[in-house]
Amino acid sequence: MIDGVVDKNEPKYFRLVYDKTLHLSRMMQDLRDLTKMESRQIKFDFQKQHIRRLINVLYERHQVSSDISTVRFRFLDYTPGEKDLVVKVDSIRIEQVYMNLIHNAVKHLKENGEIMIELDLANVKSNTITDNHQDEKLFQQPDREHVVIRVRDNGEGIPSENLPYIFERFYKGRRSTSRQQSGSGLGLAISREIIERHNGTIGVSSQEGEGSTFYFTLPLCDE
């Protein structure tokens with residue numbers, strides 16, 4: 001535009017500049033958030049929540065989002081209905097993880113794409129965790145029951161060589177063949193930091209050509 005190569009009055013070029021600027025702004029914000037989380041500069045507001053109710057709210061709130069309105073959504077609850085499932089979470093941050101996983105799934109869907117949100121229970125074995133609030137000392141997390149939230153899609157899947165790096169910052173792996181990948185490459189890294197701050201785990205299983213399942217766990221607590 002400045003050099004007169006393209007018409008400065010052409011709306012599509014203004015849209016391109018705007019979109020790229022917005023993308024850069026989001027990337028910088030994500031990078032700031034990730035850096036603050038890694039250095040424990042972000043405080044979490046942990047409150048007891050009924051996870052079944054929380055996931056239902058997120059499902060209802062986001063299944064009609066404008067950018068994913070063509071995707072078929074289903075919610076499957078495998079937990080015993082008579083049992084109260086209480087977790088101590090920062091609900092805003094859990095919503096951030098939920099949306100990161102949803103949008104990640106949408107980017108890799110084909111035609112007639114479907115995303116299933118699943119709620120389940122699992123026993124998580126004890127593991128060693130570094131607690132930055134206790135002078136970097138290690139402590140053991142005891143065996144306890146966890147709730148599992150899965151985001152399962154029937155998209156193009158992830159090549160096996162990409163799976164070990166999928167939660168690393170800026171890692172995008174092979175370019176999607178069905179949709180243009182416009183993310184910052186930070187969403188999954190941020191999600192990992194959030195879930196680890198909740199003493200949970202996050203992971204993925206996938207087979208190329210047959211879809212992917214991203215999941216995270218949260219420890220149950222007494223009411």
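These are my notebook entries on the helices of this predicted model and how they pack.

**Entry 1: the overall layout**

I started with the element count and got 4 helices and 9 strands in the protein. Reading from the N terminus, I wrote the order down as α-β-α-β-β-α-β-β-β-β-α-β-β. I then looked up burial for the whole protein: of its 223 residues, 41% count as buried. I also checked how far along the sequence the contacts reach. Taking contacts between residues at least 6 apart in sequence, I noted that 73% join residues at least 24 apart.

**Entry 2: helix α3 by itself**

I went to α3 next, which covers residues 91-107. Does its length agree with what 17 residues should span, or disagree? At 1.5 Å a residue I expect 24 Å, and the end C-alpha atoms of α3 are 24 Å apart, so the two agree. I put α3 down as mostly covered, with 12 of its 17 residues buried. Among the buried ones I listed Ile94, Val97, Tyr98, Leu101 and Ile102. Charged or polar names turn up there too, including Arg93, Glu95, Gln96 and Asn104.

**Entry 3: α2 against α3**

I use two values for a helix pair, the angle between the axes and the distance between them. For α2 (residues 51-62) and α3, I have an angle of about 50 degrees and axes 11 Å apart. The pair is therefore oblique. The crossing of α2 past α3 is right-handed. On the α2 side I noted Leu54, Leu58, Tyr59, Arg61 and His62 as the contact residues, and on the α3 side Ser91, Ile94, Glu95, Tyr98 and Met99. Sorted by class, that contact has 6 nonpolar, 2 polar and 2 charged residues.

**Entry 4: α3 against α4**

Which way does α3 pass α4, left-handed or right-handed? I have it as a left-handed crossing. The two helices pack at about 145 degrees, and their axes are 9 Å apart. From α3, the contact takes in Arg93, Ile94, Gln96, Val97, Asn100, Leu101 and Asn104. From α4, it takes in Gly187, Leu188, Ile190, Ser191, Ile194 and Ile195. My class tally for this contact is 7 nonpolar, 5 polar and 1 charged. I marked Ile94 of α3 twice, since it is in the contact with α2 and also in the contact with α4.

**Entry 5: helix α4 and Glu196**

I looked at α4 (residues 187-197) on its own and found 8 of its 11 residues buried, so I call it mostly covered. The buried set is Leu188, Ala189, Ile190, Ser191, Glu193, Ile194, Ile195 and Arg197. Glu196 also lies in α4. Why is Glu196 classed as partly exposed? Its relative accessibility is 45%, and the class in between runs from 20% to 50%. I also looked up its distance to Phe216, 20 residues away along the chain: the C-alpha atoms are separated by 9.7 Å.

**Entry 6: Asn199**

Last, I checked the residues following α4. What is the phi of Asn199, just after the helix? It is positive, about 60 degrees. I flagged this because most residues other than glycine have a negative phi. Asn199 has its positive value although it is not a glycine. I placed Asn199 in the loop between α4 and β8 (202-206). Its relative accessibility is 32%, so I logged Asn199 as partly exposed.

Terms used:
Residues are numbered from 1 along each chain as its sequence is written. This is a predicted model: local features need pLDDT of at least 70, side-chain atom pairs count only at pLDDT 80 or more; totals for chains, interfaces and linings use all residues. Side-chain values use heavy atoms; hydrogens and water are left out. Buried means under 20% relative accessible area, exposed over 50%, partly exposed in between (1.4 Å probe, protein chains only). Axes are lines fitted to C-alpha atoms, for helices over the stretch in contact, and angles run from 0 to 180 degrees between N-to-C directions. Angles under 35 degrees count as roughly parallel, over 145 as roughly antiparallel, 65 to 115 as roughly perpendicular and the rest as oblique. A crossing is left-handed if the near helix is turned anticlockwise from the far one by less than a right angle, and right-handed if clockwise. Contact means heavy atoms within 4.5 Å. The expected span of a helix is 1.5 Å times one less than its number of residues.
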